[in-house]
Amino acid sequence: MILDNNNTYYDVLELSPDSTESQIRSAYLRLKSAYEKDSMALYSLMGTGETEEIVKRIEEAFFVLSDQSKRKDYDHNHGILTQKTEFKVKQYPEQEARFG
């Protein structure tokens, strides 16, 4: 469920951490449209408060993941590693002299 606090923003948008910007935008538009389109049916099933919270959570996820800087911070703070993640080893002069 979207409102589960254990869900990452990727879970909310039903995406993997390796998703592209266009995939993030498409998922956001699809989900937001679905919840707004079916809002009358959802209101009767869940109540207006929960439906509004779901839409807010979708918007929050998109706001963070669609911004490269915010997404990088989010991934770092939540321990999310992607295949795009690069690890750079810092070289020290004494290492170069010893192993060089």
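A residue counts as exposed when its relative accessible area is over 50%, as buried when that value is under 20%, and as partly exposed in between. By this rule Glu14, at 51% relative accessibility, counts as exposed. That residue is a convenient place to enter the structure, which is a predicted model.

Glu14 sits in the loop between α1 and α2, and its backbone has a positive phi of about 60 degrees although the residue is not a glycine. Most residues other than glycine have a negative phi. The side chain of Glu14 meets that of Arg30 in a salt bridge, with a distance of 3.3 Å from N to O. Since Arg30 belongs to helix α2 while Glu14 belongs to the loop between α1 and α2, the pair links distant parts of the chain, 16 residues apart. Arg30, at 44% relative accessibility, counts as partly exposed.

With this loop located, the overall plan can be described. The protein chain has six helices and zero strands, so that, read from the N terminus on, its elements run α-α-α-α-α-α. Of its 100 residues, 30% count as buried, and the chain exposes about 7300 Å², of which carbon and sulfur atoms supply 50%. Among the contacts between residues at least 6 apart in sequence, 62% join residues at least 24 apart.

The interior comes next. In soluble globular proteins, nonpolar side chains tend to be buried together. Here the largest nonpolar core has 20 residues, and those with the most contacts inside it are Leu13, Tyr35, Ile58, Leu65 and Tyr74. The elements that give two or more residues to this core are α1 (9–12), α2 (21–37) and α4 (48–65), and the largest share, seven residues, comes from α4. Leu13 shows how such contacts are distributed: leaving aside its neighbours within four places in sequence, Leu13 is in contact with Ile24, Ala27, Tyr28, Arg30, Leu31, Ile58, Ala61, Phe62 and Leu65. Arg30, the salt-bridge partner of Glu14, is thus also among the residues that Leu13 touches.

The N-terminal segment can be followed in a similar way. Ile2 lies in the segment before α1, and it is buried, with a relative accessible area of 9%. Not counting residues up to four places away in sequence, Ile2 touches Asn7, Val12, Tyr35, Ile54, Arg57 and Ile58. For one of these partners, Arg57, the C-alpha atoms of the two residues are separated by 7.4 Å, although Ile2 and Arg57 are 55 residues apart along the chain.

Charged side chains add further links. A search of the whole structure finds four salt bridges, including the Arg30 and Glu14 pair already described. In another, the side chains of Glu59 and Lys32 meet at 3.0 Å, N to O; because Glu59 lies in helix α4 and Lys32 in helix α2, this pair ties together parts that are 27 residues apart in sequence. Glu59 is partly exposed, with a relative accessible area of 31%. A further salt bridge joins Glu53 and Lys56, whose closest N and O atoms are 3.8 Å apart. These two residues are three residues apart in helix α4, and are therefore separated by about one helical turn. An α-helix has 3.6 residues a turn, so residues three or four places apart point the same way. Glu53, at 40% relative accessibility, counts as partly exposed, and Lys56 is likewise partly exposed, with a relative accessible area of 48%.

Helix α5 (residues 68–77) closes the tour, with a buried side and an exposed side that can be told apart. Arg71, Tyr74 and Asp75 are buried in this helix. Seen down the axis of α5, its buried residues fall within an arc of 95 degrees, so they line one face of the helix. Tyr74 is also one of the residues with the most contacts inside the largest nonpolar core. The face of α5 turned away from the buried side carries the exposed residues Lys72, His76 and Asn77. At the N-terminal end of α5, Asp67 acts as a cap, with a side-chain oxygen lying 3.0 Å from the backbone nitrogen of Ser69. After α5 comes Gly79, whose phi is positive, near 65 degrees.

Terms used:
Residues are numbered from 1 along each chain as its sequence is written. This is a predicted model: local features need pLDDT of at least 70, side-chain atom pairs count only at pLDDT 80 or more; totals for chains, interfaces and linings use all residues. Side-chain values use heavy atoms; hydrogens and water are left out. Helices (H or I, at least four residues) and strands (E, at least two) are DSSP runs, numbered from the N terminus. Buried means under 20% relative accessible area, exposed over 50%, partly exposed in between (1.4 Å probe, protein chains only). Contact means heavy atoms within 4.5 Å. Accessible areas come from the Shrake-Rupley method with a 1.4 Å probe; for residues, only the protein chains shown count as cover. A nonpolar core is a set of buried Ala, Val, Leu, Ile, Met, Phe, Trp, Tyr and Cys residues joined through side-chain atoms within 4.5 Å. The arc is that of the directions from the helix axis to the C-beta atoms. A polar contact is a pair of N or O atoms within 3.5 Å; within protein, one must be able to donate a hydrogen and the other to accept it, and residues adjacent in sequence count only if both atoms are side-chain atoms.
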